[in-house]
Amino acid sequence: MGSQDDQAPIHFSVNKIAIIGAGPCGLAAARYLKEQNAFETIDVFEQQAEVGGVWNYSPRAPPEVPVPQVTPPDGPPEPPLPPEEGDESGDKAPVFPSPMYDLLHANIPRPLMRYSDLPISQGELIFPSRQEIQEYLVEYARPVRHLIRFSTRVRDVRLVSASDDPKDQWTVDIECLRTGELTRAGPYDAVVVASGHYATVYVPDVPGLREFHAAHPGIVTHAKQYRTATPFQGEKVIVVGNAASGIDIAAQISPVCRKPLLLSVQSPTPPHNLAHTGAEEVPAIAEFLPGPERAVRFTDGRVEHNIDSVIFATGYLYDLPFLRSLSPPLVTNSGRRVQGLYDHLFHIDHPTLAFIGLPIKVVPFPVAESQAALVARTWMNQLSLPTRAEMRRWEAEEEEAVRRGRSPKNFHVWPEGGDVSQSHANHDKSSPRDLSHHYSAVTKRRLPSKIKGAYKFFQIPGIHNLAGLPNVAFFPFDTLEAQAAKPERWTPSPNHPGSSSTTTITTTPSPSGWPSRWPSSSNPAAATHIAVPKSVDESDPRRRIDLATALQYGLAQGYPPLLSWVRQFVRECLVPDPPPYVPGPEVILTCGATDGFAKTLNLFVDQWDEGVDDPRERPGLLCEEVVYTNVLNQARPYGVQVVTVKADEMGMVVRGEGGLEDVLGNWDAGRGKRPHLMYTVTLGHNPTGVVVPIERKREIYAVCSRYDVIIVEDEPYWYLQFPSASVEEAKSRGQSPPPPPSTTTTTTTSSSSSTSGYPFLDSLTPSFLSLDVDGRVVRLDTFSKTVAPGCRLGWLTAQPALIERVERITEATTQQPSGFVQSLISELVLGSSPRNAAARSAFERLSLSSSLTSSSFSGWDTSGWVRWLEGLRGAYERRMVRMCKILDQGSALVTTSAVRETSRNPRSSSSRRPSASEFESDSDSDYVTDPSSEWTPLAVHTTPLLTFRWPKGGMFVWIRVAYETHPLWHAPRATPPPPPPPARTKPEQPPNNDNKQKNILDGPTLSIALMIFLTTAPYRVIIATGSMFDAVDDDSASGWAYHRLCFAAESEERVDAAAERYVRGVHAFWGIRDVERIEDLLGEWEAQRVNREGEEDIVRLDWFGGC
Ligand SMILES: Cc1cc2nc3c(=O)[nH]c(=O)nc-3n(C[C@H](O)[C@H](O)[C@H](O)COP(=O)(O)OP(=O)(O)OC[C@H]3O[C@@H](n4cnc5c(N)ncnc54)[C@H](O)[C@@H]3O)c2cc1C
């Protein structure tokens, strides 16, 4: 940022940030910058011992102020008051008295004054007291409190980068006020100045004032020194100034002082304000008169004698004593303006310096919020600043407007409503991007359904239906009832296994932070009863769960109670607070994730036909090299070109060959359109089990933002993240354990500062939604893995404009998910909620079995839902651990043999793959003594067969099978293979001339043989071969070398048996030395005649269920 090219676009590289001040503006800055989770360091320096700025009241007033003072002082900043026993705070730190006084109520109503994400508590008065606001600020500060260094005064901020350095850096000299120690912090890449502008008083230089003050010390004070009216009892008082403080102070003193209190003004006070003060209005003071009479003369010639107090409520000066090194100076001589800024916010020469809260006569908290959001997004390069030349033009035009008589004339005082329009402008900058240029032609043409539009009128209570909906009396169902699990049925696993006393997953873990709505004494295995009555008397559609509404035609967005519950769950638990864009994502219910993806394709993809359409127009879909291929079956018929991105154990690779940047940046336009759609599963990937960490997601997101790619994030396994995987893997393999996981929450909502209120959810890796400042993420969720696949129920989350388009698609296709399912799931997740009181009382009226009482009616509520997910995670995690331990034990084939003289030195053959005949003399042999033969040395051969990482999430173990170590690897086949099946259309791949049928037992062939072999007795295991997940079918596809094992399909006890059979089967397969045996297995495959004898005995490790 040191380069000063006035026309150049400005790019930031901000990692470390200092914030000066923890008042309302500094706190907003800290919260917004922290929420981005994009900055390595955020240090907040606050000279006071508590947050709150001017709201951090001290009963101790400054004993003196400079009289007069018309420019900011150029000496050292005012020293604080020494610590004193009995401060309101009880703290021993030095005190910087604030201008607050004892009986101060805000002059802005509660609902307006607040930050957007934290309401001010309901009080009796519409204008909150200063104490309430201070408590509010302490609460608001909570998520960033750990970033604040209290009692630390910033003495100097200095630019340290050389002028030819393209990057600005700042040092910050700080003084610890408790110890007096001076240190230098930084360097920082950026500095937020939020030091306020109510500290340096303005006292006009009225003729005679200086002498008067010297002659009568203590009579002239400033509003900053006012605390209570008590000292003014019976005194003759003049208050100078009729702005907010002058009026309020006059109104407080007027009842107790000698009447009338004189209110000295330059322009008339509005009558209702004057009446409120009970004061007499007088003109400005023209002169303080010399002599012992303590007299003043007003501009109208009137003289008042025996004045006891003159309180100047004349305001404050801008003063930035720690930034005096900047040239030209920031603060003008008059102290009325900070110059060289764009938008009252960014320093034009050095936009890594930002000033929050400069504007006056605004509603400060919301303005600070919108400024903070703007700064955060700008420094993340998500919003662009104009060029320096444009910013200078803006400042010059503002100056000109003020000079030409803009009202008000003060530069930082915004015209009436200025804060609203500015906030709107900032808000627009925080809105999601318009992605309509990506809509398919069909989507652009869709209009709202007139019929569906009319449905909302049917929800009006008491409305008569002559429009043609079926009569509910004819629905043959009177109730819908079910026995359902209690949410506590399954035992959770620890959220932070390495750091809790329950370090092992195999012991029964204690639920972490679980709200105890479900008493531990209740039988977790027991069922609960839920029922949907025919009709309930409830006018609010979000609370009404009954068959009369659920089985009726309904709104395409979803059944109102369920829709509103899902929306709330997403907003409170899956998206940070505040959301990355305003107003946050919207949801629509779907018939499961497959339906959600189908609608997403419909939304964004135009049909493309080979030989008909322009090859350069071909749409593309980015995905990992292995993928849940059902989505490709959905996409390919559109003519979509599948474009793979390399992935590692942290998900899609961003840099390097085959990484996302390479694929998009070096796109060959002749291949088709650069893909603008990505499909990915990031939380328990199918098939690899990878959980993409938030840091990698941030990199992926940045690239997608740069190339305008929409991210379709399919997250059926989001809650199945296994924190124990790394620890248990290390234990199982005798490796040193990974560093203990941090107990600080990762939070589902992107940063530790934003919590869902559920430790389980907060411990999970967040989704792309948490980073989605552009509104380019479409997330697919499903009840298939949390309730049951047969529900055919899920939801789609995206920015509101996209949801509106999906709603149009839904109106014309599925209309909405089945009412039976929607109402039953509504009842399950909302049943015990107070919101559902109507349904509960209807239940009491039902004539059900006598054993059922209203107390046995209990759906889950959101806390129960989260508890259910937590339990499911525990159950799956335990299975995963069991299976992986057994797989580890069987991952290598260990054999012994007598050593032959010719291969005495095992290292001699280390570079060759073993042939069938020499398999025993494997390169990893160690010599041991055969116990049966005292003198014959034996070689122990270790042949690695299975390599895999323990899955970090999901339902699958992804195993690399070392076919190249099989004794028959590349052995000549006895019978030629049958002709290949007709080639699948693979238009995205170049023709492959090398792909001839080879007459050897290659990897893919052995892979098929092993899969068949495993189904035979005594192994009888079905697995999924990796080739089922190859995104493309060319020579680069390597899925044949993998197995995907599912630990979900079998019961926990059967998981052991299944894994053991699998391992034994693989080992036995390596014992096959006879090509004929392999040919037999392949023959079975070709003839589609897998031996089905004893099928009931077969264990399934395949589970082909979808994402
Ligand atoms: C009497 C009075 C009444 C008001 N009434 C209202 C009202 O009703 N409603 C309303 O919304 N607003 C009101 N305001 C405006 C008020 O200023 C804002 O509400 C808000 O406090 C501005 O926040 P800020 O963070 O910009 O500044 P401040 O609140 O002044 O906070 C600045 C912080 O920076 C710290 N700081 C300063 N210099 C340094 C340094 N060198 N090193 C370290 N820390 C430093 C200070 O200690 C302070 O904590 C009132 C102001 C006054 C004076």
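These legends describe close-up views of a predicted protein model.

**Figure 1. Overview of the predicted fold.**
The chain set comprises 1107 residues, and 55% of them are buried. Secondary structure amounts to 26 helices and 40 strands. Take the contacts between residues at least 6 apart in sequence: 73% of these join residues at least 24 apart. The protein exposes about 46900 Å². Carbon and sulfur atoms supply 53% of that area.

**Figure 2. The ligand and its shell.**
The ligand is surrounded by 31 residues. Cys25, Glu46, Val54, Asn107 and Val154 come nearest. Three elements, α1 (24-35), β4 (152-159) and α7, each supply at least two residues of this shell.

**Figure 3. Backbone atoms facing ligand oxygens.**
Three residues are shown with their backbone polar atoms. For Asn107, a polar backbone atom lies 2.8 Å from an oxygen atom of the ligand. For Val54, the corresponding distance to a ligand oxygen is 2.9 Å. For Pro24, a backbone N or O atom is 3.3 Å from a ligand oxygen. Taken alone, the ligand exposes 970 Å², and the protein buries 90% of that area.

**Figure 4. A stacked ring pair, Tyr115 and Phe365.**
The structure holds 31 aromatic pairs. In the pair shown here, the ring centres of Tyr115 and Phe365 are 4.9 Å apart and the planes meet at 20 degrees, so the pair is stacked. Tyr115 sits in the loop between α2 (110-113) and α3 (130-141), while Phe365 belongs to helix α7 (residues 364-379), so the pair ties together parts 250 residues apart in sequence. Both Tyr115 and Phe365 are buried.

**Figure 5. An edge-to-face ring pair, Trp958 and Phe1029.**
Trp958 and Phe1029 pair edge-to-face. Their centres are 6.0 Å apart, with 85 degrees between the planes. Trp958 lies in strand β36 (residues 956-961) and Phe1029 in the loop between β38 (1024-1025) and β39 (1042-1046), so parts 71 residues apart in sequence are tied together. Trp958 counts as buried, at 12% relative accessibility. Phe1029 is also buried, at 4%.

**Figure 6. A cluster of aromatic rings.**
Which residues do ring pairs link into a cluster? The members are Trp565, Phe569, Trp718, Tyr719, Phe783, Trp795, Trp860, Trp865 and Trp868. Two of these residues, Trp718 and Trp795, are in contact with Asp781, the subject of the next view.

**Figure 7. Asp781 and its surroundings.**
Asp781 is found in strand β30 (residues 777-782). Is Asp781 buried or exposed? Asp781 has a relative accessible area of 1%, so this residue is buried. Its side chain makes a polar contact with the side chain of Arg779, at 2.7 Å. Leaving aside neighbours within four places in sequence, Asp781 touches Thr590, Ala593, Glu715, Trp718, Gly794 and Trp795.

**Figure 8. Charged side chains over aromatic rings.**
Two cases are shown. Arg31 lies over the face of Tyr140, 4.4 Å from the ring centre. Lys697 places its charged end over the ring of Phe768, 5.5 Å from the centre of that ring. Arg31 falls within the residue range of helix α1 (24-35). Tyr140 falls within that of α3 (130-141).

Technical notes
Residues numbered from 1 in each chain as written. Predicted model: local features only at pLDDT ≥ 70, side-chain atom pairs only at ≥ 80, totals over all residues. Heavy atoms only, no water. Helix = DSSP H or I, 4+ residues; strand = E, 2+ residues; numbered from the N terminus. Buried < 20%, exposed > 50% of the residue type's maximum accessible area, 1.4 Å probe, protein only. Contact = heavy atoms within 4.5 Å. Areas by Shrake-Rupley, 256 points an atom, 1.4 Å probe, with all protein chains shown as cover. Phe/Tyr/Trp six-rings, centres within 6.5 Å; stacked < 30°, edge-to-face > 60°. Lys NZ or Arg CZ within 6 Å of the ring centre and 35° of its normal. Near = heavy atom within 4 Å. Polar contact = N/O pair within 3.5 Å; in protein donor to acceptor, adjacent residues only side chain to side chain.
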